[in-house]
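User: Please take a close look at one part of this structure and tell me how it sits against the rest of the chain. A single connected account would suit me better than a list.

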Amino acid sequence: MGAKLVLAAGRRCPQLQVGLCVSDVRRLLVLTRSRGYATQDTVGNLPKASRKQITVANDDGRVHWKELSVKEKVSRTTQQTFNFGLILTGLVMTGGCAYFLYKEVFAGDSKTVQFNRAVDRIRSDPRVKEALGSDHKIRAFGEPTWNRWARARPIASNAYKDSEGTEHFMMHFNVEGSSRRGVVNLHSFKGPRQSDWQYKYLAVDVTGQPRIYLENSDATPRKQNSRFNFLGMQWRK
């Protein structure tokens, strides 16, 4: 009933109609602003999104240490300890492989170095070339195996240290030329104060021929030091 009276009055009086329109616009602006404030307050009061609990399996280190619970700190510590253990194990294995490679390939007392040095001496000796045949390069190899596809044949060797501290190395392998085969035996040694290995003997045995000695310390005459007596004591010159 009141609304009808207001509309009727507005029709009769244009000035009153304009006043109603302005007041309505102001009222709409006030309502819009109040609703905006209410919306912002509501959004600001919303609870923050909850994060996923940190475990040993899903911890990627993004969450700061201070934000972790006691259980989550234990999980992160366990994960980091496990990762550190893996790294340490990898370093130990790498160092072990490097040490094994050095001892077996590059060290002066390694089997590979002793083998290569003996083979070079054999290939350069004219007596061995004549006995085995020098039409092509002499081939050296280890013990024959049942597997014919195996390229690396084992080489028989033995190393030990005597009671005086002298290191000994003994090796046995095969050689083959264009006409014959032979067997190589060597014995090298190094004293406690020596830096280089010396041959006790290096010999090649070919069937039907006398043994060929490339090195034989037993057959080499040793230099005798002259001595003389003075005041009841023996002195060397």
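Analyst: Helices here are DSSP runs of H or I with at least four residues, strands are DSSP runs of E with at least two, and the numbering starts from the N terminus. On that basis, the chain reads α-α-α-α-α-β-β-β-β-β-β-β-β along the sequence, which comes to five helices and eight strands. The model is a predicted one. The part I will look at is helix H4, together with the strands that help to cover it.

First, the chain as a whole. The chain has 237 residues, and 20% of them count as buried. Its accessible surface comes to about 18800 Å², with 57% of that area belonging to carbon and sulfur atoms. Among contacts between residues at least 6 apart in sequence, 37% join residues at least 24 apart.

Now the helix. H4 runs over residues 111–124, 14 residues in total. From its first C-alpha to its last, H4 reaches 20 Å, close to the 20 Å expected at 1.5 Å a residue. Five residues of H4 are buried: Gln114, Phe115, Ala118, Val119 and Ile122. They lie on the same side of H4, because the arc they cover around the axis is only 125°. The cover over these buried residues includes helix H5 (126–132) as well as the strands E1 (139–141), E3 (167–176), E4 (181–190), E5 (198–206) and E6 (212–216).

One of the five buried residues also takes part in a ring contact. The count of aromatic pairs comes to one. That pair is phenylalanine 115 with phenylalanine 173, edge-to-face, at 4.8 Å centre to centre and with 70° between the planes. The planes count as edge-to-face because the angle is over 60 degrees. The two rings come from distant parts of the chain: phenylalanine 115 belongs to helix H4 and phenylalanine 173 to strand E3, 58 residues apart. Both phenylalanine 115 and phenylalanine 173 are buried.

That leads to E3 and its strand partners. E1 and E3 run antiparallel and are joined by three bridges, with arginine 139 standing opposite glutamate 176 in E3. Strand E2 (residues 156–161) also runs antiparallel to E3, and six bridges join E2 to E3. Here asparagine 158 stands opposite methionine 170 in E3. E2 and E3 form a hairpin with five residues between them, and glycine 165 in its turn has a positive phi of about 90°. E3 is joined to E4 as well, by 10 bridges, and these two strands run antiparallel. Methionine 170 appears again in this pairing, with histidine 187 in E4 as its bridge partner. Four residues lie between E3 and E4, which form a hairpin.

From E4 the pairing goes on to E5 and then E6. E4 and E5 pair in the antiparallel sense over eight bridges, and the bridge partner of valine 183 in E5 is aspartate 205. E5 in turn pairs with E6, again in the antiparallel sense, over four bridges. Two contacts across E5 and E6 can be named. Leucine 202 stands opposite glutamate 215 in E6, and tyrosine 201 has asparagine 216 in E6 as its bridge partner. The hairpin of E5 and E6 has five residues between the strands, and glycine 208 takes a positive phi near 85° there.

For contrast with the buried side of H4, consider a residue in an earlier loop. Alanine 57 is found between helix H2 (14–44) and helix H3 (70–106). Alanine 57 counts as exposed because its relative accessibility is 78%, and the cut-off for exposed is over 50%. In space, alanine 57 is 9.4 Å from arginine 76, C-alpha to C-alpha, with 19 residues of separation in sequence.

To return to the helix: the buried residues of H4 share one side of it, and strand E3 is among the elements that cover them. Phenylalanine 115 in H4 and phenylalanine 173 in E3 form the link between these two elements described above.

Key:
Residues numbered from 1 in each chain as written. Predicted model: local features only at pLDDT ≥ 70, side-chain atom pairs only at ≥ 80, totals over all residues. Heavy atoms only, no water. Expected span 1.5 Å × (residues − 1). Buried < 20%, exposed > 50% of the residue type's maximum accessible area, 1.4 Å probe, protein only. Arc of directions from axis to C-beta. Contact = heavy atoms within 4.5 Å. Pairing = 2+ DSSP bridges. Areas by Shrake-Rupley, 256 points an atom, 1.4 Å probe, with all protein chains shown as cover. Phe/Tyr/Trp six-rings, centres within 6.5 Å; stacked < 30°, edge-to-face > 60°.
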